[in-house]
Amino acid sequence: MNHTYKVLKSDIELFAAALSQVRVYVVQPLGEDFINIVDYGGAVEKITPESIKINESYFFRNQFEFRVDMKGPTKL
């Protein structure tokens with residue numbers, strides 16, 4: 001299946017997103033075909049082994065997906 005987004009999973013992908021200041025949005029998977037968009041995103045401000053800070057909010061890495069839009073001009 002072709003997606004218009006990339007899920008950032010590794011530290012390298014998250015650091016690349018932080019350095020390039022791309023908009024990262026936060027998604028909570030609810031099931032196989034359902035998601036809840038928790039935050040429409042912004043630049044990654046801080047990365048720890050447990051969490052990611054975006055838009056002054058912390059999100060646990062094991063509870064959320066961090067995605068970048070692949071349709072726009074900025075791609076990772």
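**Entry 1: the loop between β5 and β6**

I began with E56 and its accessibility in this predicted model. E56 has a relative accessibility of 62%, so I entered this residue as exposed. I placed E56 in the loop that lies between β5 and β6. Its phi is positive, about 65°, although E56 is not a glycine. Most residues other than glycine have a negative phi, and for that reason I read the rest of the loop as well.

N55 is in the loop between β5 and β6, the latter spanning 57–60. N55 also has a positive phi, about 55°, and is not a glycine. Is N55 exposed or partly exposed? Its relative accessibility is 36%, so I recorded N55 as partly exposed.

I noted a further positive phi elsewhere: Q21, just after α1, takes a value of about 60°.

**Entry 2: the sheet that contains β5 and β6**

I next followed the strands on either side of this loop. β5 and β6 pair in the antiparallel sense, and I counted 4 bridges between them. S51 has F60 in β6 as its bridge partner. The strands belong to an open sheet of 3 strands with the order β4-β5-β6 and antiparallel pairing. β4 and β6 stand at the edges and have a single partner strand each, so one side of each is left without a neighbour in the sheet. Direction ignored, neighbouring strands of this sheet are turned by 25° against each other on average. I then looked for what packs on this sheet and found α1, which touches β4 and β5. The direction of α1 makes about 145° with that of β4.

**Entry 3: the two sides of α1**

I turned to the helix itself. Which residues of α1 are buried? I found L14, A17 and A18. They cover an arc of only 100° around the axis, which means that they lie on the same side of α1. The face turned away from this buried side carries I12 and L19, which are exposed. I remarked on this pair because nonpolar side chains in soluble globular proteins tend to be buried together.

I also checked F15, which is found in helix α1, residues 11–20. With 43% relative accessibility, F15 counts as partly exposed. Its C-alpha is 7.8 Å from that of I47, although F15 and I47 are 32 residues apart in sequence.

I then asked what covers the buried residues of α1. The cover includes β1 (5–8), β2 (24–29), β4 (44–47), β5 (51–54) and β7 (65–69).

**Entry 4: the sheet of 4 strands**

α1 lies across β1, β2 and β7, and I noted that it runs at about 115° to β1. These strands are part of an open sheet of 4 strands in the order β1-β7-β2-β3, with antiparallel pairing. Here β1 and β3 stand at the edges, and each has a single partner strand, so one side of each lacks a neighbour in the sheet. On average, neighbouring strands of this sheet are turned by 30° against each other, direction ignored.

I took the partners of β2 in turn. β2 and β3, the latter formed by residues 35–42, pair in the antiparallel sense over 5 bridges. The two are joined by a hairpin through 5 residues. β2 and β7 also run antiparallel, with 4 bridges between them. In β7, F66 stands opposite V26.

**Entry 5: V24 and the nonpolar core**

V24 caught my attention for its bridge partners. Its partner in β3 is G42, and its partner in β7 is V68. Leaving aside neighbours within four places in sequence, I listed the contacts of V24. Among them are L8, A17, Y40, V44, I54, F66 and R67.

Which members of the largest nonpolar core touch the most other members? Of its 15 residues, these are L8, V24, V44, I52, I54 and F66. α1, β2, β4, β5 and β7 each supply at least two residues of this core. The largest share, 3 residues, comes from α1. I closed the notebook with the helix between its strands: α1 touches β4 and β5 of one sheet, and α1 lies across β1, β2 and β7.

Conventions
Residues numbered from 1 in each chain as written. Predicted model: local features only at pLDDT ≥ 70, side-chain atom pairs only at ≥ 80, totals over all residues. Heavy atoms only, no water. Buried < 20%, exposed > 50% of the residue type's maximum accessible area, 1.4 Å probe, protein only. Arc of directions from axis to C-beta. Contact = heavy atoms within 4.5 Å. Core = buried A, V, L, I, M, F, W, Y, C linked by side-chain atoms within 4.5 Å. Pairing = 2+ DSSP bridges. Axes fitted to C-alpha atoms, helices over the stretch in contact; angles between N-to-C directions.
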